[in-house]
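User: I am new to this structure and would be grateful for a close look at one part of it, the place where helices near the end of the chain pack against one another. Please also set that part in the context of the whole chain.

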Amino acid sequence: MRLLIVGTLKGQLTTATKIAMENGATVTHAEDHEQAMRVLRGGKGADLLLVDVALDIRDLVLRLEAEHIHAPIVACGITNDARAAVAAIHAGAKEYIPLPPDPELIAAVLAAVANDSRELVYRDDAMAKVIKLAQQIAGSDASVMITGESGTGKEVLARYVHTRSARAKRPFISINCAAIPEHLLESELFGHEKGAFTGAVARRIGKFEEATGGTLLLDEISEMDVRLQSKLLRAIQERVIDRVGGTKPVPVDIRIIATSNRNLAEAVREGTFREDLLFRLNVVNLKIPPLRERPADILELAQHFVKKYAEANGVPMRPLSAEARRVLSANRWQGNVRELENTMHRAVLMAQGDEIGPDAIITPDGDRLDLAKTAPAVAHATMAAEQVTRALVGRTVADVERDLILETLKHCLGNRTHAANILGISIRTLRNKLNEYADGGIPIPPAGTPGEYPRMPMMGA
């Protein structure tokens with residue numbers, strides 16, 4: 001993790017710096033906004049900004065947004081003034097910490113941001129085989145492709161490989177190729193020169209240069225546009241990159257790990273993914289099986305999450321009852337480990353008595369997991385598909401496809417991610433279709449809340 005401290009309170013933040021460095025973080029200091037932006041543009045980067053509340057936090061937030069730099073801000077100050085904390089949160093900070101800092105609070109904030117608390121917890125033989133292969137290839141510089149359904153823990157495994165490599169003490173940089181707009185992704189990866197495009201107010205170092213000496217994780221690489229894939233292929237093959245607007249190549253020294261929840265061989269056949277890039281990335285494939293195919297991991301992970309969230313919420317750690325264990329083992333866990341983790345977090349909060357019983361194992365809607373029927377979004381989408389197919393004759397394929405997409409999206413309450421999963425297409429393909437329909441004057445259901453990017457927990461409010 002990379003921590004950037006902004007302001008003149010370095011003396012008060014000795015504890016924060018020490019704790020961060022003890023946990024393997026690198027710490028950089030900047031006196032003001034201008035110096036902070038120079039640090040961030042210069043390739044050092046930051047996973048968290050610890051900012052003096054006396055500075056104009058809103059101005060810093062706007063500067064970061066203008067240059068598409070994504071890093072959470074935690075405000076800090078020598079006063080415990082509630083108004084200062086509220087003002088900082090309203091300005092865009094994720095949290096406020098009074099100084100001098102409480103060591104446990106600082107550690108919790110760092111863990112929440114870096115997500116370093118994620119552990120490899122497994123017992124099933126199917127997962128053990130994957131971990132064994134990861135251990136065997138971790139020490140090499142070979143490119144790695146990690147595949148598996150959403151929620152199986154692909155990024156966790158990528159970090160595991162990095163921490164056991166010769167690059168462990170160098171940066172681990174992650175970029176989500178599906179979360180960044182196509183026209184900005186090239187700049188995010190390769191950086192840009194001042195004036196390269198509107199808004200490029202200064203030179204910006206991209207993720208390739210930030211990761212030099214370490215590991216670059218290309219998360220959900222299947223969502224990258226084919227045109228950008230060719231530039232990525234050159235960067236991997238020749239170990240040089242071209243900044244947007246640059247005039248000379250820049251050498252880089254990185255290891256590439258990529259993840260995908262799609263079948264890339266099928267994407268190659270469809271023409272949405274380059275075959276030569278797949279060969280270059282897929283030197284070693286770590287395929288994580290879905291949770292339903294590694295049943296021995298379900299209870300092992302459930303117990304791990306019970307302990308984790310009991311401690312985090314300050315509640316007694318209750319054992320799982322025999323009936324609760326049966327319910328957990330019988331569920332298919334379509335959302336894999338991510339779904340199980342959220343379920344156990346709810347169970348810890350809802351449980352009463354000496355054990356966590358089946359009444360505490362509930363869905364987000366509050367229904368008991370073992371009594372819940374097919375997810376409403378899936379059921380509605382199925383009904384929509386049946387209604388469309390009744391009147392296929394006499395209609396074009398494009399019309400049928402449009403109606404199916406819009407009806408599925410409608411019954412998913414606008415949730416693009418769920419609709420794309422049900423339809424069996426990528427989120428980028430879905431977005432392109434919706435843009436096409438919108439340009440044609442067709443009303444599009446408003447976006448729902450995917451729930452994939454949880455906010456950092458508030459610990460001082």
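Analyst: A crossing of two helices is called right-handed if the near helix is turned clockwise from the far one by less than a right angle, and left-handed if it is turned anticlockwise. In this predicted model, helix H17 passes helix H18 in a right-handed crossing.

H17 covers residues 397-411 and H18 covers residues 416-423. Their axes come within 9 Å and cross at roughly 130°. Because angles from 65 to 115 degrees count as roughly perpendicular and those over 145 as roughly antiparallel, H17 is oblique to H18. On the H17 side, the contact is made by Leu404, Ile405, Thr408 and Leu409. H18 contributes Arg416, Ala419, Ile422 and Leu423. Sorted by class, the contact of H17 with H18 has six nonpolar residues, one polar and one charged.

H17 also packs with helix H19, which spans residues 427-439. Here the angle is about 110° and the axes are 11 Å apart. This makes H17 roughly perpendicular to H19, since the range for that term is 65 to 115 degrees. From H17, the residues Glu401, Arg402, Ile405, Leu406 and Leu409 take part, and they meet Leu430, Lys433, Leu434 and Tyr437 of H19. The contact of H17 with H19 comprises six nonpolar residues, no polar ones and three charged ones. Ile405 and Leu409 of H17 are listed in the contact with H18 and also in the contact with H19.

The wider chain gives the setting for these helices. It has 19 helices and 12 strands, and 46% of its 461 residues count as buried. Of the contacts in the chain with a separation of 6 or more, 70% are accounted for by residues 24 or more positions apart.

Serine 143 offers an example from another part of the chain. This residue lies in the loop between helix H6 (125-137) and strand E6 (144-147). Serine 143 has a relative accessible area of 7% and is therefore buried, the cut-off being under 20%. Apart from its neighbours within four places in sequence, serine 143 is in contact with Ile256, Arg280, Leu281, Val283 and Val284.

Two cysteines may be added to this picture. Cysteine 76, at 1% relative accessibility, counts as buried, and cysteine 177, at 0%, counts as buried as well. With a limit of 2.5 Å between cysteine sulfur atoms, the count of disulfides comes to zero.

How values were computed. Residues numbered from 1 in each chain as written. Predicted model: local features only at pLDDT ≥ 70, side-chain atom pairs only at ≥ 80, totals over all residues. Heavy atoms only, no water. Axes fitted to C-alpha atoms, helices over the stretch in contact; angles between N-to-C directions. Helix = DSSP H or I, 4+ residues; strand = E, 2+ residues; numbered from the N terminus. Parallel < 35°, antiparallel > 145°, perpendicular 65-115°, else oblique. Contact = heavy atoms within 4.5 Å. Nonpolar A, V, L, I, M, F, W, Y, C, P; charged D, E, K, R; others polar. Buried < 20%, exposed > 50% of the residue type's maximum accessible area, 1.4 Å probe, protein only.
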